[in-house]
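Thank you all for making time this morning. I would like to take you through one structure, going from a single residue to a pair of helices and then to a sheet, and I will begin once you have it in front of you.

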Amino acid sequence: MNQSFSEYTRRDWVIAVLLTIFILLLVGMQLTPGIPMWVGDAAAYLSEGIAISNGTLEEQTAINCIMHPSPLPEEVHENRLVYVWGYPLLLSLVHQMVGFDMVNYSSIIFYKLPSLLAFSLMAGVLFLFYRRFFEEKLAVFLTLIFCAGSNIFLQVDTLLVDIFFLFIALLSLWLAECFFADLEKPISTGKKALLIVCLAISMWFTNQTRLNGSTVVLIILLSHILRLVERKAKLSIRLLWVHLCPYAIYLILNVLSEWILFPATPNVSDIGSITLSQFFTNCHYYLDKTCEYLNDLAGKIGLFPIPLLFLLVGFFKTGFRLRNLPYTVLLAGTYGVLVLLPYVQGLRYLYNVLPILVLYTAWGGQAVFQWLLSRKAVSPVLLRKGIAVAAAILLLLVYFPVLQSCVLNITGSQDPADGDVYSKEAVEIYHYIQDNTEPDAVIAFMRPRLLYLNTGRISFAPNVNHHKLEDADFFLDSDVPPFAEFSPTEEERAALEVAYQNKTFTLYKLQK
């Protein structure tokens with residue numbers, strides 16, 4: 001395959017558009033009016049987006065330091081913590097259009113649109129990416145399985161950055177593949193310039209969307225160098241400029257944007273700050289997550305050993321070829337960094353390499369298929385028909401519950417569920433805090449960034465980053481997970497007076 005950008009057929013583009021529309025409708029019907037998980041990162045990105053929109057980003061970086069719910073990175077200086085702002089920049093555009101409703105919280109659904117569009121576009125880009133390696137039907141199958149086979153699309157509803165990062169990282173890898181291929185083709189200068197600019201912008205936004213976005217850029221650079229080595233290319237000054245142009249534009253965009261909005265605070269100091277026991281625990285954790293992901297791709301019926309076998313075959317058979325080596329480095333490097341971190345983050349930190357896992361799994365499946373044909377153990381016609389039937393059954397297994405949940409979501413209650421960030425009880429406590437506490441009141445709470453977003457009151461997690469319960473004016477408590485991570489001592493409880501209570505939350509006033 002390995003066609004250039006200009007060699008995609010009209011049929012390829014039509015299929016990519018249809019897949020994008022299909023996934024847009026499918027995931028759009030899954031959206032809820034609230035946020036189903038109490039994950040503070042979502043609030044951090046949204047608060048930063050609102051600050052960019054209001055022109056108060058510098059003040060927000062100081063507030064971020066107070067509210068950060070885990071130990072601050074060593075790289076934090078001058079009480080300024082800057083979260084990567086690529087995704088918040090998009091959320092700031094939403095804020096410019098719809099604001100942020102702190103009465104009914106009806107605007108939350110609009111802030112999910114960037115992730116919804118990103119995931120939908122990702123489906124089209126993923127097909128075009130896989131089309132470079134496989135024939136059309138297999139590329140469509142892999143795209144459909146990837147989009148729904150692991151419930152990744154449900155993350156669109158959480159407002160986290162991971163869905164957008166998956167899209168922008170994949171877009172960068174695909175545009176890079178097209179750029180490398182088009183360098184060998186006699187295409188027009190205008191088309192080549194457009195591809196160069198798109199690649200540079202995509203790499204820039206990848207770098208500004210997640211702290212590990214720069215690794216995707218480095219992988220693209222490594223892939224570029226290996227392609228030149230493979231071709232034994234001889235570069236004139238004119239050709240050298242064409243090769244360097246995407247990286248030059250990328251660097252210029254980074255310098256200018258960070259001059260305007262501040263560079264994100266790195267957290268390299270976290271890497272390696274673990275014990276040997278934690279290292280082995282992390283290895284087991286991410287192996288388990290990978291097997292769980294493969295089982296989801298196989299319809300959640302316990303067939304994960306088969307895709308795991310395919311993955312291992314594909315990895316060792318094709319992963320060390322010169323052209324595929326950068327993908328192997330990205331895969332191994334991502335896992336390597338994750339097992340060295342002092343915390344785990346589920347599957348979401350692996351999202352940007354999951355397309356590579358599926359790519360190697362498909363290559364492994366092809367290798368096993370060719371081996372079976374060479375052994376002449378089964379008729380080629382029967383084998384192909386059997387694979388087609390198995391693929392159809394697998395798609396039914398994966399998509400039936402998805403379609404079922406679409407119907408239930410549309411026909412069911414439109415009110416946020418119990419335990420949602422915007423459940424009835426949560427909104428009650430937000431309104432009480434807005435109406436009955438001073439604007440400069442400080443509230444201790446285990447999800448401080450979410451409380452700040454929804455009430456405008458500064459909050460901190462007690463016993464984190466030298467914050468003590470006694471430093472707050474109020475303490476918001478709940479015996480429902482995930483809030484039961486902190487329990488006041490008897491001495492601390494003696495200074496608490498109930499200010500407001502409902503069936504989920506209790507707001508205490510500290511007696512000083």
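Let me start with leucine 171, which is buried, since its relative accessible area is 16% and the cut-off for buried is under 20%. Please keep in mind that we are looking at a predicted model, so I will come back to confidence at the end. Leucine 171 sits in helix α7, which covers residues 162–182. Which residues is leucine 171 in contact with, once we leave aside its neighbours within four places in sequence? They are Val125 and Ser202. With valine 125 the separation along the chain is 46 residues, yet the C-alpha atoms of the two are 6.5 Å apart.

Now to a pair of helices. In general, two packed helices are described by the angle between their axes and the distance between the axes. Helix α9, residues 213–231, and helix α10, residues 237–261, have axes that come within 11 Å and cross at roughly 170°, which means that α9 is roughly antiparallel to α10. Their crossing is left-handed. On the α9 side the contact is made by Val217, Ile220, Leu221, His224 and Leu228, while α10 brings His243, Tyr247 and Tyr250.

Let me turn to the sheet. It is an open one of 5 strands, arranged in the order β2-β1-β3-β5-β4, with mixed pairing. Why do β2, residues 458–460, and β4, residues 496–501, each have one side left without a neighbour in the sheet? Both stand at the edges, and each has a single partner strand, so there is no neighbour on the other side. Taking the average over neighbouring strands and ignoring direction, the turn of one against the next is 30°.

At the β4 edge, the partner is β5, residues 506–510; these two strands run antiparallel and are joined by 5 bridges. One residue pair to look for here is tyrosine 500, whose bridge partner in β5 is leucine 507. Helix α17, residues 448–455, lies across β1 (442–444), β2 and β3 (474–477), and runs at about 165° to β2.

Finally, the confidence that I promised to come back to. For the protein chain the mean pLDDT is 90, with 97% of the residues reaching 70 or more. Where in the protein chain is confidence lowest, and where is it highest? It is lowest in helix α18, residues 490–493, at a mean of 84, and highest in helix α5, residues 113–131, at 97.

Terms used:
Residues numbered from 1 in each chain as written. Predicted model: local features only at pLDDT ≥ 70, side-chain atom pairs only at ≥ 80, totals over all residues. Heavy atoms only, no water. Pairing = 2+ DSSP bridges. Helix = DSSP H or I, 4+ residues; strand = E, 2+ residues; numbered from the N terminus. Axes fitted to C-alpha atoms, helices over the stretch in contact; angles between N-to-C directions. Contact = heavy atoms within 4.5 Å. pLDDT = per-residue confidence, 0-100. Buried < 20%, exposed > 50% of the residue type's maximum accessible area, 1.4 Å probe, protein only. Parallel < 35°, antiparallel > 145°, perpendicular 65-115°, else oblique. Left-handed = near helix turned anticlockwise from the far one by under 90°.
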